[in-house]
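Here are some exercises to work through with the model open beside you. Try each task before reading its solution.

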Amino acid sequence: MADALSSFWQSLLDLTSQVVIPDWAALVGLLPVFFVLLVLGPLVTLLAFLWLVYIVRRPRPTIEFDEGPWPIQPDLEGRLEPPLAEPYCPDHGLAYRAGMVRCPLDGSILLFRCPKCRLARPAGVPRCGNCGLVAVPGRALRPLAPVSPPPGGAALA
Ligand SMILES: [Zn+2]
Ligand SMILES: [Zn+2]
């Protein structure tokens, strides 16, 4: 009776060991597969996720333009040097983009210096009363970027 019980347990243990104890040789053979599944897979997923986050959060490639107003630069003696061919407000010391006729701060008429004879006139008047040059005020809009000022820029005017 005891032998029967013993052999029963033995066969039970054998059976269990076959089920529970893994076949290590086969598992080692599967290691590359596990490596791919458990390491490379999540790693690739993580990289793809980070890439996505970068794509979503990176600065927009669309170009924004500096539409002013721009402060009027003083000349070497500290006086404001109104730009040529740009609408400007002498009261607020600001130059405005093309098409502006009135100062948005107080509604006063903007001025415009003739690029030829430098005489100021209201920005809405296309023809210079002094030299007759027809010119529409405005500056070429520049992309918003850290640009160093051209050497001697205002002095050329
Ligand atoms: Zn103004
Ligand atoms: Zn003129």
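Two residues are in contact if their C-beta atoms, placed from the backbone, lie within 7 Å. The model is a predicted one, in which local features need pLDDT of at least 70, side-chain atom pairs count only at pLDDT 80 or more, and totals for chains, interfaces and linings use all residues. Residues are numbered from 1 along each chain as its sequence is written, while chains are lettered from A and ligands numbered from 1 in the order in which they are written.

**Exercise 1. Confidence**

Find which element has the lowest mean pLDDT and which the highest.

Solution. Start with the scale: pLDDT is the predictor's confidence in each residue, from 0 to 100. The chain averages 82, and 82% of its residues reach 70 or more. Next, go element by element: strand S7 (residues 142-143) comes lowest with a mean of 64, and S3 highest with 93. Where pLDDT is low, the predicted coordinates should not be read in detail.

**Exercise 2. Strand order**

Work out the order of the strands in the open sheet of five strands.

Solution. Helices (H or I, at least four residues) and strands (E, at least two) are DSSP runs, numbered from the N terminus. The chain has two helices and seven strands, in the pattern α-α-β-β-β-β-β-β-β. Two strands pair if DSSP finds at least two bridges between them. Following the antiparallel pairing across the open sheet gives S2-S4-S3-S5-S6. Its edges are S2 (70-71) and S6 (120-122), each pairing on one side only. Zoom in on S3 (residues 87-89) and S5 (residues 111-113), which share two bridges in the antiparallel sense; Tyr 88 has Leu 111 of S5 as its bridge partner.

**Exercise 3. The core and Cys 89**

List the residues that Cys 89 contacts, leaving aside neighbours within four places in sequence.

Solution. A residue is buried if 20 or more other C-beta atoms lie within 10 Å of its own, exposed if 12 or fewer, and partly exposed in between. A nonpolar core joins buried Ala, Val, Leu, Ile, Met, Phe, Trp, Tyr and Cys residues through C-beta atoms within 7 Å. The largest such core has ten residues, including Cys 89, Cys 103 and Leu 110. The contacts of Cys 89 are Leu 94, Cys 103, Ser 108 and Leu 110.

**Exercise 4. Gly 93**

Is Gly 93 buried, exposed or partly exposed?

Solution. First locate Gly 93 in the loop between S3 and S4 (94-95). Then count: Gly 93 is partly exposed because it has 15 C-beta neighbours inside 10 Å. Finally, not counting residues up to four places away in sequence, Gly 93 touches Pro 71, Ile 72 and Leu 80. Pro 71 is 22 residues from Gly 93 in sequence, yet their C-alpha atoms are 5.9 Å apart.
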